[in-house]
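This briefing gathers selected side-chain contacts, a helix and a surface patch, and it is meant to be read alongside the sequence and the coordinates.

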Amino acid sequence: MRTTAYILLFFASLNIWGQERWTVERCIDYAVNHNHEVRQQAFSVDDYKSEKTKAIGAFLPYLEGEIGAQYNFGRTIDQETNAYTDFSTFYNNYTLSASIPIFDGFQRYNNLLASKANVLMGKSKLEAQKDLTAQNVLESYIQAVYCKGCVEIAEKKREESEMLLKQTKVMTEVGKKSEADVLQMAATFASDDYEVTHQKSLFEKALLILKRHMNYPPEDTLIISSADAMPKELQPSIDSEQEIFSMARLFMPNIKEAEYNLQSARYGLRSSKGALFPSISFGAGITTNYSKQLHSTDAKSFSEQFKNKVGEYFYASLSIPIFSRMNTISNIKRNRNNVRRAEEELENSNRELQRLIRETLSERENSWKETEMMKKKVESDSIALRITVRKYEEGLSSAIDVQTQAVTLLQSEAQLLQCQLTYEYKTRMVNYYKGTPLYK
C-alpha cells in the first residue's frame, strides 16, 4: 500500500511539473484573443465598416427594375383604343430606371467623412478595450502572485511552528518546559495551519478572478510563475509627468477614440446643415407594356407589343426645402450638442490621463520607498524572532512571545511582497504611458 501511494505521488508530481507555467505576458496575450468584451468590440468595428460602405454607395446611381401585372374586370379603359370597354383585360408593364443625386448640400460627402472617422474611432475603442483587458489581467496576475507568496510564507511559518512544537515536547520530557508550554505551542501550530488553509483559499479565489479576465476555462489548471511578476531591479527613476503626458496623449487609444468621436460629430453637424440647401438629381428610364382583352383572338403578340411600346425618358429634379416641420432644425441642434459633448469628453479624457500618470508616478515612488524600508524591517524582525526563540529555549521568554514575534515577521514579509509587486505593476504602467505596449 505504501509503495502504491509513493508511485501515485510520483506520477502526480510529474504531471504538475510537466505543465507549462503561464507568464504574465502569455496570460495577457491569451486574454486579448479570448476576452468577451474584446470580441464584442471587434463586431462593433465591423458595423462601422458596414456604415462606411453604405456611405460610399450613396455616391453610386440608384437602379430599379419593376414588373407589374393586373387583371381588370368590368368597365375599364382599353389600352389600345383609350376608350371605355366592358371586356376584362390583362395588363403587364416593365420598367427599368436609374437616378443619381448631383448636389445635396454635401450631405453625402460629410456622411462619408463621418463614417471614416467612426471606423477609426471603432478601432481605437478596440485597442482601448484590449489595453483595459491587459491591465485587468496584469493586476489580477500580480494579485494572484501575492496570494501565492502569502501561502508560501504561511507554510514556512507553519513548518517552524511544527518544529518548535516538537522541540517543546522534547524539552517537556526532560523537565525544561511545562505542559502549558506544549499546549500553547500546539495552539500556535493550529493557528498557523488554519492560516495556510485561509491563504490557499484566497489564492484560489485570485486565480478564478484571473481566469475570468482571461476568459479561461475555470475548470482547467492554470499555473502561474511567481518570479515573472517580481521586479527585476529596484531603483528610483526620475520621469517628467508633463513629458510622459505629452507622449501618451499622441497614442493612447482612449484619447484617439475621443478625437475621432469629435471629428465624427462635427461631420454630422455639417451634414445636418446640408439639408437646408436645395438638392439636384438626374434620372433616366425605359418602359414598355403588354395588354390583352381576355377571350379575344385578334390581340397582338407579346413580342410585338413589347417592342413597339418601348419608351424612354430623362428627367432633372430640383428640390428646395421650405418647411420640414422643424425636423432639420432639430437635427442641427442635436448634432451641435453632440459636438459639445464630444469636446467635453475629449477634454475629460485628457484630464483623466494626466491624473492617472501623476497617480502612477507617485505610487511607484512610494512603493519603492516602502520596499526599501520593509526590507530593513523584515531583517530586523527575523533577528528579533531568532533571539526570542533562543530565549524561549533557555526559558527566558514564553510561547506567547514567540508567537507574537512570528506573527510580526509574517506580516512584514507579506507587506514587503506587496510593496515589491506594487512597484512592478506601477513600473509596467509607467512604461505603458511612455509607449511600451502591454501585449504583443
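How many salt bridges does a search of the whole structure find? The search finds 19 salt bridges, and the points below take up some of them before turning to aromatic pairs, a helix and a nonpolar patch. The model is predicted, and the values given here are computed from it.

**Salt bridges**

- E343 and R266 form a salt bridge in which the closest N and O atoms are 3.6 Å apart. This pair links distant parts of the chain, since E343 belongs to helix 10 (residues 327-393) and R266 to helix 8 (residues 253-274), with the two positions 77 residues apart in sequence.
- Both partners of that bridge are partly exposed, E343 at 36% relative accessibility and R266 with a relative accessible area of 40%.
- D381 and K377 also meet through their side chains in a salt bridge, at 3.0 Å from N to O; here both residues lie in helix 10, 4 residues apart, which is about one turn of the helix.
- Within this pair, D381 is buried, with a relative accessible area of 9%, because buried means under 20%, whereas K377 is partly exposed at 36%.
- A network of salt bridges links E25, E424 and R428.

**Charges over rings, and the surroundings of R26**

- R26 takes part in two kinds of contact: it forms a salt bridge with E20, the closest N and O atoms being 3.4 Å apart, and its charged end sits over the ring of W22, 3.8 Å from the ring centre.
- R26 is partly exposed, with a relative accessible area of 32%, while its salt-bridge partner E20 is exposed, with a relative accessible area of 55%.
- A charge over a ring is found again at K177, whose charged end sits over the ring of Y392, 3.8 Å from its centre.

**Aromatic pairs**

- The count of aromatic pairs comes to 12. One of them joins Y94 and F302, whose ring centres are 6.1 Å apart and whose planes stand at 75° to each other; the pair is edge-to-face because its angle is over 60 degrees.
- Y94 lies in strand 4 (residues 89-103) and F302 in helix 9 (residues 302-308), so this pair ties together parts that are 208 residues apart in sequence.
- Both rings belong to partly exposed residues, Y94 having a relative accessible area of 21% and F302 one of 36%.
- Y94 and F302 are also members of one aromatic cluster, which is formed by Y71, F90, Y94, Y290, F302 and F306.

**Helix 10 and the residue after it**

- Helix 10, which holds both D381 and K377, has 67 residues and reaches 91 Å from its first C-alpha to its last, close to the 99 Å expected at 1.5 Å a residue.
- Just after helix 10, G395 takes a positive phi of about 85°.

**Nonpolar surface patch**

- A nonpolar patch of about 1100 Å² on the surface is made by I102, L276, F277, I280, L318, I320, I322, F323, M326 and I329.
- Among these residues, I280 has its place in strand 5 (residues 279-293) and counts as partly exposed, at 33% relative accessibility.

How values were computed. Residues numbered from 1 in each chain as written. Predicted model: local features only at pLDDT ≥ 70, side-chain atom pairs only at ≥ 80, totals over all residues. Heavy atoms only, no water. Phe/Tyr/Trp six-rings, centres within 6.5 Å; stacked < 30°, edge-to-face > 60°. Buried < 20%, exposed > 50% of the residue type's maximum accessible area, 1.4 Å probe, protein only. Lys NZ or Arg CZ within 6 Å of the ring centre and 35° of its normal. Salt bridge = Lys/Arg side-chain N within 4 Å of Asp/Glu carboxyl O. Expected span 1.5 Å × (residues − 1). Patch = residues over 30% accessible without salt bridge, like charges linked within 9 Å, V, L, I, M, F, W, Y side chains within 5 Å. Areas by Shrake-Rupley, 256 points an atom, 1.4 Å probe, with all protein chains shown as cover.
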